[in-house]
Amino acid sequence: MARRSAESGQASVELIAAIPALTLVVLLVAQLTLAGYALWSAGVAARAGARAAYVGGDAARAARASLPPALRDGASVRTGNPLAVRVRAPSLAPGLPRVRVTARAGLGSGGGGGR
């Protein structure tokens with residue numbers, strides 16, 4: 001079967017047209033992954049701070065120490081019940097706003113029951 005000359009290179013043109021869309025989707029997924037990482041890390045730090053407060057330690061210091069070094073700058077810790085840790089998620093592209101995420105952990109009543 002002979003190829004038509006009008007369709008020659010059509011797949012290449014379609015691939016070139018799809019590359020920017022695929023790149024944008026990959027960057028969006030990677031940025032959402034970074035936001036999830038920041039939220040997970042803030043949750044770990046909030047639980048560490050709540051545990052420290054429960055045993056009479058310095059909750060804010062324990063929470064900050066539990067954060068990865070990349071998230072410590074600009075992090076804020078609000079003590080109390082619940083303890084809240086707020087961090088800025090890293091940004092992949094310069095100039096994009098950094099999303100702030102907050103995680104909270106409470107001390108609970110200690111009575112069990114799983115509430």
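**Exercise 1. Find which residues Ser 41 is in contact with, leaving aside its neighbours within four places in sequence, and decide whether Ser 41 is buried or exposed.**

Solution. Once neighbours within four places in sequence are left aside, Ser 41 is in contact with Leu 67, Pro 68 and Leu 71, where contact means heavy atoms within 4.5 Å. The model is a predicted one, in which local features need pLDDT of at least 70 and side-chain atom pairs count only at pLDDT 80 or more, while totals for chains, interfaces and linings use all residues. Residues are numbered from 1 along each chain as its sequence is written, and side-chain values use heavy atoms, with hydrogens and water left out. The next step is to place the residue: Ser 41 belongs to helix α1, which covers residues 10–54. Helices (H or I, at least four residues) and strands (E, at least two) are DSSP runs, numbered from the N terminus. The last step is the accessibility, and Ser 41 counts as buried because its relative accessibility is 6%; buried means under 20% relative accessible area, exposed over 50%, and partly exposed in between (1.4 Å probe, protein chains only).

**Exercise 2. Describe the order of the elements along the chain, and state what share of the residues count as buried.**

Solution. Begin with the count, which is three helices and three strands in the chain. Read from the N terminus on, these elements run α-α-α-β-β-β. Turning to burial, 23% of the 115 residues of the chain count as buried. The accessible surface of the chain comes to about 8200 Å², and 61% of that surface belongs to carbon and sulfur atoms; such areas come from the Shrake-Rupley method with a 1.4 Å probe, and for residues only the protein chains shown count as cover.

**Exercise 3. Work out which elements give two or more residues to the largest nonpolar core.**

Solution. A nonpolar core is a set of buried Ala, Val, Leu, Ile, Met, Phe, Trp, Tyr and Cys residues joined through side-chain atoms within 4.5 Å. The largest one here has 19 residues, and those with the most contacts inside it are Ala 38, Ala 63, Leu 67, Leu 83, Val 85 and Val 87. Two or more residues of this core come from each of α1, α2 (59–66), β2 (83–88) and β3 (100–105). The element that gives the most is α1, with six residues. To look at one member in detail, take Leu 67, which touches Ser 41, Ala 42, Ala 45, Arg 72, Ala 75, Val 85 and Val 87 when residues up to four places away in sequence are not counted.

**Exercise 4. Identify the backbone nitrogen that the side chain of Gln 31 reaches.**

Solution. Gln 31 lies in helix α1 and counts as buried because its relative accessibility is 18%. With residues up to four places away in sequence not counted, Gln 31 touches Pro 90, Ser 91 and Leu 92. Among these residues, Leu 92 is the one whose backbone nitrogen is reached by the side chain of Gln 31, at 2.9 Å.

**Exercise 5. Compare the accessibility classes of Ala 60 and Arg 61, and trace their spatial relations.**

Solution. Ala 60 lies in helix α2 and is partly exposed, because its relative accessible area is 23%. The C-alpha atoms of Ala 60 and Gly 49 are separated by 6.1 Å, although these residues are eleven residues apart along the chain. Ala 60 also touches Val 77 and Thr 79, not counting residues up to four places away in sequence. Arg 61 is likewise placed in helix α2, but Arg 61 counts as exposed because its relative accessibility is 64%. From C-alpha to C-alpha, Arg 61 and Ala 45 are 9.8 Å apart in space, and 16 residues apart in sequence.

**Exercise 6. Locate the cis peptide bond that joins Asn 81 and Pro 82.**

Solution. As background, most peptide bonds are trans. The bond that joins Asn 81 and Pro 82 is cis, with omega about 10 degrees. Pro 82 lies in the loop between β1 (76–78) and β2.

Definitions and conventions
A polar contact is a pair of N or O atoms within 3.5 Å; within protein, one must be able to donate a hydrogen and the other to accept it, and residues adjacent in sequence count only if both atoms are side-chain atoms.
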